[in-house]
Amino acid sequence: MHSTIKRPRYLSYLLYLSLILLAFFVLAPVLWLLLMSLSSPTDLTKVPLQWIPSQWDFSRYALLLDWQNGSGERFLAAMLNSLIIATSATVIALFAGVLAAYAFSRRNASMLLMFAFLATIMMPPITYILPLYSAFSELGILNTKVALIICYCAMLIPFAIWLMKTNIDVLPQEIEQAAMIEGAGTFYTLRKVVLPIILPAIGATAMLSFLTAWDEFFYALIFSSDLSAKTIPVAIADFSAGRVTDFGVIASVGVLASVPPVLIALFFQRFIVSGLVGGSVKG
Amino acid sequence: MRSLIGAKQQKWLLLAPALTVLALISFVPFVKTLWLSFSDSEISALPTVVSFIGLENYIYALTDPDFISSLGRTLYFTFISVGAEVILGVAVALLLNQQFKGRTLMRALIILPWAIPTIVNAVTWRLIYNPDYGALNSLLMQLGIIGEYQSWLGDPDVAMNMVILADVWKNFPLVAYVALAALQTVPMDMLNAARLEGANAWRRFFKITLPWIIGPLLVIIVLRSVEAFRVFDIIYVMTRGGPANQTKTASFYVYQEYFSYLRSGSGSSYAIIVALISIILIYGYYRAAKRQNGSL
Amino acid sequence: MSESNNSFTSNQVSDDTVRVASANQSINPNNSADRDDAILSIRSLCKSYYDASILQDINLDINSGDFLVLVGPSGCGKSTLLSCIGGLTDVTSGEIFCKGKNITQLDPAKRDIAMVFQSYALFPNMTVSQNIGFGLEVRKVPAAEREQKIQQVAEILHLQPLLDRTPAQLSGGQRQRVAMGRALVRDPTLFLFDEPLSNLDAKLRLTMRTEIKHLHQRLGGTMVYVTHDQVEAMTLASKIVVLNQGVIQQFGTPEDVYKRPANTFVAEFMGSPAMNLIQAKVLMEGGDVKIQIQREDGPAIIFTEAAATDALRAFANCTVIVGLRPESISDLPARDPQRSHSVKCRIDYLEGIGSDVYATLKLAGTDVVSRLHGDSTVRAGDTQQLHFDLSNISYFDPSSQLRI
Ligand SMILES: Nc1ncnc2c1ncn2[C@@H]1O[C@H](COP(=O)(O)OP(=O)(O)OP(=O)(O)O)[C@@H](O)[C@H]1O
Ligand SMILES: [Mg+2]
């Protein structure tokens with residue numbers, strides 16, 4: 001991986017030039033979103049633009065973080081819904097996922113079934129949406145968090161199984177056998193031995209699952225209609241499509257909605273990247 | 001693997017929760033959609049008589065030029081956007097595999113687009129493309145590249161490509177990370193040997209590096225294609241299928257058939273056709289993953 | 001161990017020798033009736049993976065207090081047999097009884113068996129004391145009692161200062177002791193050891209071997225111990241099972257297996273350097289049985305087998321394989337002059353290991369290793385007077401490879 005041969009000078013320049021371009025490409029949209037959220041409406045409607053705000057304007061954040069006004073209520077309710085839905089779905093998916101992963105890894109469950117599981121999340125959701133819609137409507141759970149939690153579970157479980165299976169596969173089996181010889185049953189062994197060992201993998205899976213659920217739009221768009229279940233992606237789509245004319249407000253919503261996933265991604269970078277890459281790069 | 005006493009019963013017990021959820025939320029609805037696609041069902045508040053009409057919906061769908069062209073657009077979106085992501089991703093991976101100061105920081109930085117929620121990404125780019133006050137117009141004007149502001153998403157000829165750019169920005173990091181991880185497994189000895197043989201950088205890349213990382217790349221390419229093929233959210237926010245239907249992809253088409261025209265029967269047949277194409281892609285994924293991992 | 005005092009007559013030998021376990025009947029090397037009933041009995045056990053047969057018709061009885069060592073070359077099925085006993089693998093056919101109860105289908109957790117794994121299989125997320133106490137915790141033993149037992153075991157194994165560490169913070173030998181502690185603390189019916197010392201360096205292996213031996217003598221307990229190291233097998237075992245390609249070759253005491261190998265496989269496998277197997281001819285002269293060994297560099301060696309059995313007599317004028325251990329061909333006179341034969345032999349080459357010198361010569365076309373005294377001054381090419389000690393000679397049938 002480490003090149004021992006010294007680079008010619010022109011290549012060094014080329015390298016750093018490419019890096020600067022890359023950094024610009026990656027950062028510019030994010031920085032611009034941030035700037036928009038802090039610029040006054042007049043700066044944002046100049047032609048050509050006033051890139052650096054003439055004065056910093058924090059009013060949108062104040063507005064959005066205030067339950068008392070309409071926009072704030074819509075935004076905060078959506079954030080809360082997203083938090084509740086993504087967290088619940090993640091917890092349930094991890095529970096079901098760990099058990100199933102163990103079955104695939106250690107109890108000879110068929111790989112074809114594993115693939116069928118994976119195939120369900122690769123199918124376009126439009127193939128499921130209508131029957132789900134009628135079923136939820138008959139059950140009276142349209143426009144509730146429960147409906148979304150259930151859907152997100154189905155979306156997260158196969159992925160969680162796959163990630164945890166690859167992690168259980170590489171554990172030495174003797175450790176579990178030792179636990180069983182010592183008298184522990186399967187579930188005791190799972191809880192006291194296997195789970196603590198794969199805790200880092202569970203963490204990575206949990207974060208990836210949470211981010212996936214946080215990001216989901218299609219089911220949320222169709223199954224939620226008001227503050228009681230609307231998630232943040234739907235709220236953002238509403239803000240950007242609706243009566244709001246100030247780009248700054250839309251940008252602020254975007255910034256705030258990105259804070260949780262960006263923080264998770266930056267802090268747990270190693271975990272997450274290994275989780276993302278794990279399925280495809282492997283001996 | 002050693003088989004174990006009582007493993008059979010335990011296997012199903014362990015699988016039960018996952019199986020239940022997936023059966024109810026995925027398998028059963030799929031079968032029901034399949035059934036609906038052979039019927040003249042419509043979404044309505046009143047109970048209606050639904051009758052079986054055989055392949056009529058499918059014949060209609062396959063002779064509907066709007067639907068066929070939406071499929072074509074979806075394939076275009078999939079092909080161009082995944083292609084660009086792969087080229088950009090591999091290039092970035094090669095770059096980040098070099099030694100330079102701040103490499104760790106750069107590697108961390110490119111997770112940013114991936115972490116931004118899809119909808120926020122769509123909204124951001126919509127604002128950037130804004131015909132009246134957008135950043136792209138302003139930047140290009142100040143650089144002297146364009147003479148007057150353009151309506152990027154309003155022009156049927158370029159709208160799709162602009163959506164693709166937004167999608168590439170969000171998704172290339174994934175490819176880059178996979179490629180980078182694969183690059184780190186390329187044996188340095190092999191590269192050095194080739195260097196001593198006098199192979200130039202291009203040759204080394206195409207003869208050694210690329211064959212070495214192609215397995216993992218293939219997996220991620222197919223996975224991204226499967227995802228790109230069902231694209232909906234970014235379209236919904238950026239263009240709603242416009243202008244002149246030029247960005248109306250298959251998922252969006254089916255969505256409208258269901259929820260704007262309330263035709264569940266014919267909508268289902270569209271959905272099943274989309275699903276069938278997805279299944280081909282999924283099978284491709286299966287082959288790529290199997291090739292890479294031995295077992296699935 | 002080699003120069004045993006008791007000179008067995010060949011009659012006793014053939015009575016006590018245990019033949020290859022081919023028939024369905026179980027074999028017990030000590031067929032004394034006053035023994036307890038077997039702790040573990042294995043009946044016609046077979047195990048195959050798909051069409052590969054790994055274990056074939058295994059029959060074994062292990063008595064209380066036995067230290068049974070399973071020995072055999074790599075891949076012969078030792079670990080598989082242990083897994084079957086522990087319940088970690090299901091058997092293809094046959095039965096396993098523990099204290100008379102059929103446990104073939106019983107869950108491993110309910111077998112009351114403890115196992116020490118080759119890789120130790122310690123729980124990496126637990127401390128040493130949690131590792132040792134795991135089995136007690138599973139069985140809901142009260143904390144105070146658990147603590148006391150852990151302390152006891154820690155004392156026996158000198159683990160007290162390590163109790164709060166995790167396995168990652170231990171050396172190989174310490175991990176090995178923790179693994180033993182985890183097995184010892186429960187006082188199970190049966191201990192299984194799967195090559196517990198193979199991951200240790202040579203010196204530590206020796207120390208631990210002695211320690212295990214002492215533990216067994218002190219604490220009793222019934223052990224099944226797998227190794228592919230025949231020295232380990234000889235020193236530890238009260239009984240040895242020699243396994244090859246999934247078939248039991250011999251089941252007997254270490255002395256049986258060493259002095260009276262049931263077939264040429266066992267003869268070659270046990271002992272280092274291996275037993276010499278030399279082609280010879282059985283001649284009858286009057287009532288005497290004479291054994292004739294040809295050699296290229298001198299006249300044939302002919303000696304009288306004073307204790308010939310009828311079975312050997314039946315090979316009159318036929319070829320047999322003579323088995324002689326290196327220590328039975330020496331420059332020192334044999335203990336029993338009656339059973340000794342002296343010949344001058346040309347030494348081809350020498351290998352000194354300090355205490356002894358191994359000298360190689362050629363008999364009947366094969367290289368034969370003899371053991372000379374460490375002070376021997378003989379050089380390659382020299383001719384040396386060698387004494388063949390016939391008291392522990394073995395004969396094998398060249399066609400079946402079985403002991404005669
Ligand atoms: N799960 C399995 N599937 C198929 N064959 C197996 C399996 N486990 C073991 N075997 C085969 O069974 C045979 C015996 O294996 P086993 O592990 O019992 O050998 P062993 O005597 O313990 O060897 P070693 O001394 O190397 O540990 C080997 O040939 C091995 O290839
Ligand atoms: Mg083994």
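1. The domain bounds used in this note come from an automatic or database domain assignment. On that basis, chain A of this predicted model is divided into domain 1, covering residues 1–57, and domain 2, covering residues 58–278.

2. For a reader placing these two parts of chain A in space, the C-alpha centres of domain 1 and domain 2 lie 32 Å apart. The two domains nevertheless touch, with ten residues of domain 1 of chain A in contact with ten residues of domain 2 of chain A.

3. On the side of domain 1 of chain A that touches domain 2, the elements that give two or more residues are α1 (9–38) and α2 (41–44) of chain A. The largest share of that side, five residues, comes from α1(A). By residue type, this side of domain 1 of chain A divides into seven nonpolar residues, two polar and one charged.

4. Turning to the ligand, where does ligand 1 lie? Ligand 1 is found between chains B and C, and 13 residues are around ligand 1, of which Tyr49(C), Ser74(C), Lys78(C), Ser79(C) and Thr80(C) come nearest.

5. Within the shell around ligand 1, β2 (52–62) and α2 (78–86) of chain C each supply at least two residues, and the largest share, three residues, comes from α2(C). The residues of this shell divide into four nonpolar, seven polar and two charged, whereas the side of domain 1 of chain A that touches domain 2 has seven nonpolar, two polar and one charged.

Definitions and conventions:
Residues numbered from 1 in each chain as written. Chains lettered and ligands numbered in written order. Predicted model: local features only at pLDDT ≥ 70, side-chain atom pairs only at ≥ 80, totals over all residues. Near = placed C-beta within 6 Å. Helix = DSSP H or I, 4+ residues; strand = E, 2+ residues; numbered from the N terminus. Nonpolar A, V, L, I, M, F, W, Y, C, P; charged D, E, K, R; others polar. Contact = placed C-beta atoms within 7 Å.
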